Amino acid sequence: QYWDALDHGLDIHGKPNFKEEAFRGRAIEHVPGIGKIVGGSDRAYSTVTTGVRYEVYKTLVKYAKTKAEKQLIADFANIVTGRAGTGKLKTLTSGDLPRSVLWAPSFIASRMQHIVLPVRILRSNASAKVKARLLGEWVKPIVTISGIMYGVAQAFGGKFISDRDEKDFLAVILPDGTKYETWSGYRQVM
């Protein structure tokens, strides 16, 4: 299944010098004492996200019958785990300079693609069963996180903002003014 995942575009292998996108450059890795910790943290993060990406693919690919459906599932797993492709912009978004200016180009691209992912799924030639599974997986974290945020608001006497016209839509504001945003990972693209 590993080779099948690679063949269908799942991004689960990195080159030896591959780094996950980060908000800092490589200079900190050369600071005595903390350089090894930062490098180890980056490797651990990369390992965990790659594992999650592969598990998402393995869970959903059993419903696929065609190569196109397997590619759609691989793209879905890449997008929801923050490793979306940047397409023709790849040369502009690779390297340390763009990452220091844009923070995480592939992550930003994945958030943009995540927002329109249901449209892409519905317009695909995938079977109804595959479409239903992917749409269910797409909406599950949104509903779950929003439900948790609503529960937090109720438990701590806060306010859950459910009015779409409010700038803090789907956020929780506690009595002490602390704000928790459900969609904070999408602020750059909204």
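**Exercise 1. Glu137 and its partner**

Work out whether Glu137 is buried or exposed, or something in between, in this predicted model, and find which residue forms a salt bridge with Glu137.

*Solution.*
Step 1. Start with accessibility: Glu137 has a relative accessibility of 31%. Buried would require under 20% and exposed over 50%, so Glu137 counts as partly exposed.
Step 2. Now look for a partner. Glu137 forms a salt bridge with Lys140, and their closest N and O atoms are 2.9 Å apart.
Step 3. Check the partner as well: Lys140, at 44% relative accessible area, is partly exposed.
Step 4. Finally, place the pair. Both residues sit in helix α8 (residues 128-155), and because they are 3 residues apart there, about one helical turn separates them.

**Exercise 2. Two bridges that involve helix α3**

Find which residues pair with Lys70 and with Asp75 in salt bridges, and say where each partner lies.

*Solution.*
Step 1. Keep the principle in mind: side chains of opposite charge can pair when their charged atoms come close.
Step 2. Take Lys70. Its side chain meets that of Asp4 in a salt bridge, with an N to O distance of 3.9 Å. The cut-off is 4 Å, so this pair qualifies.
Step 3. Locate the two ends: Asp4 belongs to helix α1 (residues 2-7) and Lys70 to helix α3, so the bridge links distant parts of the chain, 66 residues apart.
Step 4. Add accessibility. Asp4, at 23%, is partly exposed, and Lys70, at 22%, is partly exposed too.
Step 5. Turn to Asp75, whose salt-bridge partner is Arg120, with the closest N and O atoms 2.5 Å apart. Here again distant parts of the chain are linked: Asp75 is in helix α3 and Arg120 in helix α7 (residues 117-123), 45 residues apart.
Step 6. Both ends are partly exposed, with relative accessibility of 25% for Asp75 and 36% for Arg120.
Step 7. Put these bridges in context: the structure holds 5 salt bridges.

**Exercise 3. The surroundings of Thr81**

Decide where Thr81 lies, whether Thr81 is buried or exposed, and which residue its side chain meets in a polar contact.

*Solution.*
Step 1. Thr81 is found in the loop between α3 (67-80) and α4 (90-93).
Step 2. Its relative accessible area is 18%; the limit for buried is under 20%, so Thr81 is buried.
Step 3. Leaving aside residues up to four places away in sequence, Thr81 touches Val52 and Arg53.
Step 4. With Arg53 there is also a polar contact between the two side chains, at 2.8 Å.

Definitions and conventions. Residues are numbered from 1 along each chain as its sequence is written. This is a predicted model: local features need pLDDT of at least 70, side-chain atom pairs count only at pLDDT 80 or more; totals for chains, interfaces and linings use all residues. Side-chain values use heavy atoms; hydrogens and water are left out. Helices (H or I, at least four residues) and strands (E, at least two) are DSSP runs, numbered from the N terminus. Buried means under 20% relative accessible area, exposed over 50%, partly exposed in between (1.4 Å probe, protein chains only). A polar contact is a pair of N or O atoms within 3.5 Å; within protein, one must be able to donate a hydrogen and the other to accept it, and residues adjacent in sequence count only if both atoms are side-chain atoms. Contact means heavy atoms within 4.5 Å.
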